[in-house]
2 protein chains.
Amino acid sequence: MIIQIIGVGHIGGSLAISLRENGFASKVIGSDLDAAALDKALRRRIIDEACSWKDGLSQADICILAVPVDAILKLLPQVLDLVDQQTVVDVGSTKEQILNLVDQHPNRGRFVATHPMAGTEYSGVEAAIPNLFDHKHTVICEVEKSEPDAQEKVADMYRSIPMKMVFLDRKAHDLHAAYVSHISHISSFALALTVLEKERDEERIFELASSGFGSTVRLAKSSPDMWIPIFRQNRDHVLDVLDEHINTLAKFRSLLIKQEFDTFYKLIEEANRIRKILE
Amino acid sequence: MIIQIIGVGHIGGSLAISLRENGFASKVIGSDLDAAALDKALRRRIIDEACSWKDGLSQADICILAVPVDAILKLLPQVLDLVDQQTVVDVGSTKEQILNLVDQHPNRGRFVATHPMAGTEYSGVEAAIPNLFDHKHTVICEVEKSEPDAQEKVADMYRSIPMKMVFLDRKAHDLHAAYVSHISHISSFALALTVLEKERDEERIFELASSGFGSTVRLAKSSPDMWIPIFRQNRDHVLDVLDEHINTLAKFRSLLIKQEFDTFYKLIEEANRIRKILE
């Protein structure tokens, strides 16, 4: 299978590595507006060939769009305009606006909307790593709107990694993503800013930071080029979850002020239920 | 050196492992109100002998208080009442109330207040692990109030692990700890509650949780028995930092509502400065 990756970054590059390693891809073609990233991907042998997205598309069996979600909005209709028997799949973190955009496209059936739920706080081809997706879940959105052979190719691709598939509609995906991914990033960015602000006066504060602090602010290293477009597209759901999160923090604040530590204790016990979910 | 550990849990047990392994301790005596924990510590050979804290103290060179910070408030004055040439050291996450309590104690000089900045979200002797403290920082509080031989013994102990020492007064310690440790826990507990609340309706939400989510809520597994006493004792600093954190989140909320994504982008770039601090 000839795989084209448009956007040879952390996600696209890591997918390329996995699909080559497991034999699903016989050839990987890379396309990227950033010529330096393409060169690096070639030198690291993450891709076999670099070319423009149009030239790559004409050779590909599967074309994977692994660019930020604002770039997907621009690129996807153009790709679908030129598509013939190829299967086009995106790996973006939002789904509603992307699907709204191509609902009426004559080649809509060639497209499969997906979101592999994996990634790190790092970006760029330098951050492409093996095994990033192994045994994680990938969301497939409104799969019934894709033609059967396209559905099959994408399912085969994710199964080859292997990843487990979850089927959701666009709204359910964006709501779930806000809860289990987007709010974590908002929270980390905010926590990093809060503590960095303090650091201006207290230079040595970070000597004392333990691994617990590192864990909660890890995602604050994430790129705004990736995340601002996500927050823009999933604004309403992110706002809903953010409101709930601020309310929970405000409840903690009020319990501290009133010194109601028994109630606070019970809430922490409740939060501990997360143990059964995270290993 | 004969080391007594009062409170054979995650921190006390891990310290015992390190101090035995590196040869600093010739014998480790464990004391704990929880008989089952003591048995387990004996069977795991984390301690050589189990006895009451009073019996242990009479044999020990260094007595380490590794109990929750509310128990330190109760126990420390009693230990100092009985102390002769022994060195007493606590490893609690707060310092101001503990030091206020013993300022006037006739044996104050035998006590060294410390806070090794390490730990995980797990608790109990089952969570005692090797190398937990290696190359981390430990805060020594108002060291000048400890007698020279006690200072020396505790410094030798931490250097043997090896840990780096940072010297702070009680107020500076509690402020710093609020920023680099306590607020991370508050944030994780709140995030876990926010998402667990949603899970009641959406059972499958956690299938989609990626490692990023796991990272930000990891600390929400932490025990309320340890954390409520910390929040109680460090309430004022925790409230200050929590207010700042809520303000930052409210700023994000307002930027989302007004769709001021350029400003939001700049704030994320600023948050990215955390990269230079965390490896």
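How many of the residues of strand 7 of chain A are buried? Five of its five, so to speak of a mostly covered strand is fair; buried here means that 20 or more other C-beta atoms, placed from the backbone, lie within 10 Å of the residue's own. Before going on, a word on the model: it is predicted, local features need pLDDT of at least 70, side-chain atom pairs count only at pLDDT 80 or more, and totals for chains, interfaces and linings use all residues. Residues are numbered from 1 along each chain as its sequence is written, while chains are lettered from A and ligands numbered from 1 in the order in which they are written.

Back to strand 7 of chain A (strands are DSSP runs of E, at least two residues, and helices are runs of H or I, at least four, numbered from the N terminus). His137(A), Val139(A) and Cys141(A) point one way, Thr138(A) and Ile140(A) the other. That fits the usual pattern, in which side chains of a regular strand alternate between the two faces of the sheet.

Now look at its neighbours; strands pair if DSSP finds at least two bridges between them. Strand 6 (residues 111–116) of chain A is antiparallel to strand 7 of chain A, over four bridges, and Pro116(A) sits opposite Thr138(A). Strand 8 (residues 164–168) of chain A runs parallel to strand 7 of chain A, joined by five bridges, with Lys164(A) as the bridge partner of His137(A). Between strands 7 and 8 of chain A the chain passes through helix 6 (residues 148–160), a right-handed β-α-β crossover (clockwise from the first strand over the helix to the second, with the strands pointing away from the viewer).

Zooming out, chain A splits into domain 1 (2–168) and domain 2 (173–276), with bounds from an automatic or database domain assignment. Here 14 residues of domain 1 of chain A are in contact with 16 of domain 2 of chain A, contact meaning C-beta atoms, placed from the backbone, within 7 Å. Helix 4 (69–82), helix 5 (96–102) and strand 7 (137–141) of chain A each give two or more residues to the domain 1 side.

Finally, the partner chain. The contact takes 76 residues from chain A and 76 from chain B, and helix 7 of chain A gives the largest share of the chain A side, 18 residues. Chain A can be laid on chain B by a turn of 180° and a shift of 0.0 Å along the axis, with an RMSD of 0.0 Å (least squares on C-alpha atoms of residues with pLDDT of at least 70 in both). The two copies are therefore related as by a two-fold rotation axis.

Methods:
Two residues are in contact if their C-beta atoms, placed from the backbone, lie within 7 Å. A residue is buried if 20 or more other C-beta atoms lie within 10 Å of its own, exposed if 12 or fewer, and partly exposed in between; C-beta atoms are placed from the backbone.
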